Structures are given as C-alpha cells and as structure tokens.
Amino acid sequence: MSNDRKIAEVITRAKEDGVRFVDLKFIDLPGVWQHLTVPVSELNEDLFVDGHGFDGSSIRGFRSIESSDMVLVPDAETAVVDPFIDVPTLSLLCDVRDPVTGLAYDRDPRGVARRAEAFLQRTGAGDTAYFGPEAEFFVFDDVRAEQTVNGGFYRVDSDEGSWNSGREEAPNLGYKPRLKGGYFPVAPVDSHHGLRDEMCLKMEEVGIQVETHHHEVATGGQGEIDMRFDTMLRMADKLMWFKYIVKNVARAYGKSATFMPKPLYGDNGSGMHTHMSLWRGGRPTFAGELYGGLSQNALYYIGGILKHAPALCALTNPTTNSYRRLVPGYEAPNKLAYSSRNRSAAVRIPMYSSSPKARRLEYRTPDPSCNPYLAFAAMLMAGLDGIENQIDPGQPLDKNIYNLPPEELSKVQSAPGSLDEALAALQSDHSFLLKGDVFTEDLLSAWIDLKHTDEIAPSRLRPTPFEFLTYFDC
C-alpha cells in the first residue's frame, strides 16, 4: 500500500471510530516515550507531510535552546487507538525532523533504526533483519525512594516477596515464590497470572502477537511476556508499546511495573535476551551446515557481536544499575562466548526447532533499560561488521561458564563491569556504528556526555546505605 493510501485510510478510520484526539508519540535519546496531543481536526494529509512543531531543547539529549525548533512527522503505519485513554485517541509514532533542512534529525533514535535497515540492504548480507526481544520486568505493590542532602533510601515491596513470608497479613496465606524460585510454578504461587493475561490482551489490541507469558525466576513479582519476532524497526516500536502496556496495566491493578535491570539484591535481575536473524529474498541466511546448524555468515555475525560487545554494552546495558545485574551467577552472562543451548554464554544458538526458518542467535547480555532503536541498530551493525570483515568467533564454549576453574575462566573475555567501562569501550570502538551514516559522531558524543553528566557523576557523589553499614564505625 502506498503511503498516500495509508494516510487516507488512517484519516477515514479515525472518523469511523469516533476518534476525538491524536496522540503524537516519540522517543528521547535515553529511550523514554514522550508525547503531545492534538484535536482530531488536526488529522489531515498536511500533518503527515509537514509534521507538528515542538521544543527540542526540553527533550533529553536533543537540541540546545538556541536551535530548539523541531518537527514531529507521524508514521501512518503505526496508527492504533490508545487502549488507556478514556476519550477515543489515535496514537501515531513519529520521526523527528529538522525544520530548516527538512532532513531526519540525526539524534532521533527511530531514525537511527531506519538508517540501519537501509544499510543492511546495501550490504547484500540480507534485506530484512528480524529481532525478537524477551523483556523481563518486575511488578511491585509499593515503591519508595528518596535522596536528600542528609539521607537516602529505597524500598520496594511485593505481596509475592519471599521476605514477606512472616508478615502479618490477616491472614498470611503463604505461597510466596522462594528466592530464585519463581520459574515457574502455577497459581497460587504465581499470583500474577491474571495480570499478565490482561497485559497480553492489551498488547493484542495494538497489534502485538504474543507467544507466551510466565513468571520469571526472581521472587517479588518478576514476569516475562514474549512477543513474536518482527522486522527491526517495527519490533523497536512494539517494545515501546510493550513497556507502556505493562506499566499501565500494572497501575490499573494498583501495582507498579519496572524494567530496571536489578531492583532486588541477591536475586535475578531483568534481562532482555534478544533473538536475531537475517533474511534475503524471503529465505533465512543464518541456516547452514556448520556449528549449531548455522551458516558461515551467521558465525561471522556472532564474531562481530562478540568483538564489539564491550562497546555494545554502552547501548544495550546503558545504566549504572545494569552492572548490578551483569555479574556472574544470575543468568546474566558477562563472559563473551557462544554456544548452542548453553544459557551461560553471551550468545546462545537456540535448538528448539530443526527448521531452517527458526535458525537464529540469541544475544543474552542486553537488558530492558536500553533504548531499543539504538540497541537493536548497534547489534545489527556489529553483526554486519563481522560479516564484512569475516570475524572468526573462535571455538564455541559448551560448558557451564559459571563453574569453570579460574585459570580457564580467565581466558574468556568479560563484558564491562561498569557503565564507565562500557562508555570507554564505545569511545575507542565505534567506527562500525558510523558506516552508512547510521550513527553519527554527534549522537554518540551526546550519548556519552549525557550518561556521564546525568548518571555516572551524580551516582559517584552519593553515599549508599551499604557504605554506612560498612564504614560508619571506621
């Protein structure tokens, strides 16, 4: 369907469905949805061509105040009715343009994903990249945090929390998932089944095909809902809807959902294992006769992922909290190896099916705090660099990496141990991201500066409760 026909269809359907408002959603540099709303009278062909102006200086990582005017241009392919707004409201995801040049804004994350898909087609390695993220999350019943000059604390609570096994609940009925015991008993231990059902139904309303949902490993309300794979840009769009739906359904139940990678001490964190495959002409290019049923290009792709993994972490694990999860022993593989079936390896080759169409790789290091447009694009660019330069991933490691003896473990490269280290790796290794003008030096510099200024430096200045417990009597 041509773009003009799609625009006309969206306008017609909005009238038929009694839409009263149009919500224009876009993503900031760190990865959080922003929006503004206009009356449905503004929904016309000009909106899809000329866009709607906004102040870019008020958006994190965007323009400075002396050049703040920017334009949101809706993508007609993304039109759905928002399931959480009482007044019928059409939601449109937007690209960001410079109003002077009319060109895509180079710091718009959605534009980065578009350019990555276009670059893939120019390489000849494939014409379509499919992505399938598994975004885990926690659902809590109470969340409190504070940081002042003379104090600071956080406290989360969950009716499912194992720490509440002795709480007076008038009555306490037990059935709370044990520490690391949430994968995955039936109700009544899993008390969130109905909550996740509702999340899945809302996802289907906005066009997301759900494959499964279940409780995850951690106590305290950890869950996972898996979406069927899609093309890279559309999957990034869907992941933003996914997070929006999970949070809003939880709120409707009087609860709070978070994609923070490590909200609990001593239990598993939330990862975002990401499945990837390349196709060309409707045929899978990762299927072959080599290790794990892979093709040579798939192995080169793995080589690119592993080589650039330290730099990738700056985009796929982009918070200081990410590195509370990315440590050995919590199903968060920080050792950069690959293997079939082995969940302790950073790159796993799933073996659920022998069909060539199912042949793919799963990168297990990322977490759901990332901006999906930047993270997916960076993973694709690393893999394509591996194919272009025929990067050998080395021998697979078909062992439980967590149990390797120290002398053997020391031979396996590690992911960065902090956001600082990851950003340093990105500074020294990012030329693969600049190919095809997918990323720009300006965007990467803005990303690194934002992370240092808004996250790393402030966290260094603040004492923690653990420091008081450890050092107060020194």
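What radius of gyration would a compact globule of 474 residues have, and what does the chain have? A compact globule of that length would come near 23 Å, and the chain has 23 Å, so the two agree. The structure discussed here is a predicted model, and the values below are computed from it.

The overall picture can be filled in from several sides. Along the principal axes, the C-alpha trace spans about 65 × 60 × 45 Å. The chain contains 13 helices and 18 strands. Of its 474 residues, 53% count as buried. Contacts were also sorted by sequence separation: among those between residues at least 6 apart, 69% join residues at least 24 apart. The accessible surface amounts to about 21,600 Å², and carbon and sulfur atoms account for 51% of that area.

Attention turns next to the second largest pocket. Its space comes to about 680 Å³. A total of 38 residues line this pocket, and those nearest its centre are Glu 134, Asp 226, His 275, Tyr 352 and Arg 360. Four strands each give two or more residues to the lining: E7 (128-140), E10 (210-215), E11 (222-227) and E14 (272-280). Strand E7 supplies the largest share, with six residues. By residue class, the lining of the second largest pocket holds 16 charged, 13 nonpolar and nine polar residues. For readers who like a mental image of such an analysis, rolling a probe the size of a water molecule over the atoms shows where empty space is left.

Backbone geometry offers some further points of interest. Most peptide bonds are trans, and most residues other than glycine have a negative phi. The loop between strand E9 (151-157) and helix H4 (193-205) is a good place to look for departures from this pattern, beginning with Pro 171, which is found there. The peptide bond that leads from Ala 170 to Pro 171 is cis, with omega near 0 degrees. Pro 188 also has its place in the loop between E9 and H4, and the bond from Ala 187 to Pro 188 is cis as well, with omega near 10 degrees.

Tyr 175 belongs to the loop between E9 and H4 too. Although Tyr 175 is not a glycine, its phi is positive, near 55 degrees. Is this tyrosine buried or exposed? Tyr 175 counts as exposed because its relative accessible area is 56%, where the cut-off is over 50%. A positive phi appears again at Gln 390, which is likewise not a glycine, with a value of about 50 degrees. Gln 390 lies in the loop between helix H8 (372-388) and helix H9 (406-409). Its relative accessible area is 53%, so Gln 390 is exposed.

Asp 159 is another residue of the loop between E9 and H4. With a relative accessible area of 41%, Asp 159 is partly exposed. Leaving aside residues up to four places away in sequence, Asp 159 touches Asp 141, Arg 167, Lys 176 and Lys 255. Trp 279 is 120 residues from Asp 159 along the chain, and the C-alpha atoms of the two are separated by 45 Å.

A further pair shows how sequence separation and spatial separation can be set side by side. Tyr 244 sits in helix H5 (residues 232-252). Tyr 244 and Phe 84 are 160 residues apart in sequence, and their C-alpha atoms are 9.6 Å apart in space. Phe 84 is also one of the residues that Tyr 244 touches, together with Lys 25, Trp 33 and Asp 82, when residues up to four places away in sequence are not counted.

Finally, Gly 292 is placed in the loop between strand E15 (283-284) and helix H6 (296-316). Its relative accessibility is 14%, so Gly 292 counts as buried, the cut-off being under 20%. Which residues does Gly 292 touch, not counting those up to four places away in sequence? They are Ile 349, Met 351 and Arg 359. Arg 348 stands 56 residues from Gly 292 along the chain, with 9.5 Å between the two C-alpha atoms.

Methods: Residues are numbered from 1 along each chain as its sequence is written. This is a predicted model: local features need pLDDT of at least 70, side-chain atom pairs count only at pLDDT 80 or more; totals for chains, interfaces and linings use all residues. Side-chain values use heavy atoms; hydrogens and water are left out. On a 1 Å grid over the protein atoms alone, a cavity is a set of points where a 1.4 Å probe fits but cannot get out, and a pocket is an open set with protein on both sides within 12 Å along at least five of seven lines; lining residues have an atom within 4 Å of a point. Grid points are joined across faces, edges and corners, and a volume is the space filled by probe spheres set on the points. Ala, Val, Leu, Ile, Met, Phe, Trp, Tyr, Cys and Pro count as nonpolar, Asp, Glu, Lys and Arg as charged, and the others, Gly among them, as polar. The radius of gyration is taken over C-alpha atoms; the globule rule is 2.2 Å times the number of residues to the power 0.38. Buried means under 20% relative accessible area, exposed over 50%, partly exposed in between (1.4 Å probe, protein chains only). Contact means heavy atoms within 4.5 Å. Accessible areas come from the Shrake-Rupley method with a 1.4 Å probe; for residues, only the protein chains shown count as cover.
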